[in-house]
Amino acid sequence: MKQLIVTETIPVAPSTPRRFKAEKAPIRGFAFRLRTFPNREKILIGLCALLWMLLPGGVFSPAAAQEKAYYGVALLGDPHLPGKNLPAKEAVIRTIDGWPDIDRVVVLGDICKETGTPGEYAAAKAFFGLLRKPARFIAGNHDYIYADEKDALGKKVKAFPDARRAKLKRFAETFGLSGVYGSEMLGGYLMIYLSPDDLDSAYLTQLSDGQLAWLQKRLAENKTVPTLIFFHAPLAGTLHQYNEQANTPSFIAQPTGRLRDLILENPQIFLWVSGHMHVPATSESFSAPVNLYKGRVMNIHNPDMERKTIWTNVLRLYPEKVVVRTWNHAKGAWIDGLERTIRPPTHP
Ligand SMILES: [Fe+2]
């Protein structure tokens with residue numbers, strides 16, 4: 001089984017404070033004063049406990065309070081590296097690194113600008129070398145499906161299976177992965193990371209039979225765990241028909257029939273997180289009733305990073321809900337009116 005490293009953060013349980021013998025304390029003045037109180041041992045224990053709570057990592061430190069409240073996941077759609085306006089993209093990384101409540105950054109594919117050449121992957125590796133947060137990477141069509149060289153007219157051409165396989169290997173090696181898909185637990189949620197990896201498909205974003213079999217097994221093993229799926233392309237019909245590509249076969253997750261059946265058989269799936277369509281936060285499709293697939297799975301669409309204004313969606317994974325907010329990097333502010341709350345199926 002190809003699986004990413006599981007790095008769920010588990011707060012360390014406190015050890016039982018030792019009972020102090022104040023009479024043997026090396027700091028005479030402190031020991032002397034304590035002798036004047038009949039319950040000095042209890043007082044010392046209380047002071048030690050208070051110190052433990054206030055120290056970094058203690059239960060009352062800001063980091064621990066955030067860990068206990070929710071897990072933060074920042075979503076990067078379609079970086080297309082190195083591409084246009086690299087300094088603005090690097091500024092996004094610095095901003096996310098400055099957010100103390102982010103536990104994961106998920107990069108939603110189309111990491112490479114055009115065709116996934118060695119040069120583009122080298123640029124991507126250097127770019128994400130700036131990021132200090134734990135990251136998860138999934139592939140997009142630009143990362144694997146095109147031949148390195150364009151045709152005589154300068155158009156991208158789909159690669160033969162061997163070349164696609166080699167680019168998927170390049171993707172995995174670039175980010176130190178054992179495979180192009182995997183899963184982990186985070187904050188009580190199952191996070192499933194999928195990549196388009198079909199070697200023959202005419203569509204841009206199709207899962208291979210092998211990956212579908214793995215997905216089916218992983219879901220069957222976790223029927224009661226609320227599940228989020230991250231994939232480059234959105235689910236069918238989760239956008240308004242706002243351009244010629246929306247909801248068409250190469251711009252939705254494939255194969256549509258098998259994915260529909262898997263989703264219907266697994267009601268624990270309640271969020272699908274995608275890029276691919278470069279949906280800006282200003283679009284009427286960005287946050288709309290049409291995003292709900294089969295009345296149950298909310299598709300969170302994410303913009304690309306090649307815009308004058310870059311937006312970043314952030315998920316907050318609380319035990320009973322997921323809150324989605326959108327940050328406007330140009331303004332340095334959260335967008336009013338775009339906050340969404342999605343309840344997992346175990347907490348209707
Ligand atoms: Fe893209």
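Start by selecting P118, G119 and A126: these residues of helix α5 are exposed, meaning that 12 or fewer other C-beta atoms lie within 10 Å of their own, whereas 20 or more make a residue buried and anything in between is partly exposed, with C-beta atoms placed from the backbone. Helices (H or I, at least four residues) and strands (E, at least two) are DSSP runs, numbered from the N terminus.

Before going further, note that this is a predicted model, where local features need pLDDT of at least 70, side-chain atom pairs count only at pLDDT 80 or more, and totals for chains, interfaces and linings use all residues. Residues are numbered from 1 along each chain as its sequence is written.

Now flip α5 (residues 118-128) over and pick E120, Y121 and A124, which are buried. Looking down the axis, you'll find the buried residues within an arc of 95°, so they line one face of the helix; the arc is that of the directions from the helix axis to the C-beta atoms. Show α7 (161-174) too, as it is among what covers them.

Next stop: α8, residues 209-220. Its end C-alpha atoms are 16 Å apart, in agreement with the 16 Å that 12 residues should span at 1.5 Å a residue (the expected span is 1.5 Å times one less than the number of residues). Select W214, L215 and L219, the buried ones in α8. They cover an arc of only 130° around the axis, which puts them on the same side of α8. Their cover includes β5 and α9 (256-265). Turned away from that buried side are the exposed D209, G210, A213, K217 and A220.

From β5, move into the sheet. It is open, with six strands in the order β4-β5-β6-β7-β9-β8 and mixed pairing; two strands pair if DSSP finds at least two bridges between them. At the edges, β4 (182-186) and β8 (292-293) each pair on one side only. Zoom in on β4 and β5 (residues 189-193), an antiparallel pair with five bridges. Click G182 and look across to Y193, its bridge partner in β5.

Last, where does A281 sit? Find A281 in the loop between β7 (269-274) and β8. A281 is buried, with 20 other C-beta atoms within 10 Å. Beyond its neighbours within four places in sequence, A281 is in contact (C-beta atoms, placed from the backbone, within 7 Å) with F286, P303, W311, T326, I335 and L338. Draw a C-alpha to C-alpha distance from A281 to T326: they are 7.9 Å apart in space and 45 residues apart in sequence.

Methods: Two residues are in contact if their C-beta atoms, placed from the backbone, lie within 7 Å.
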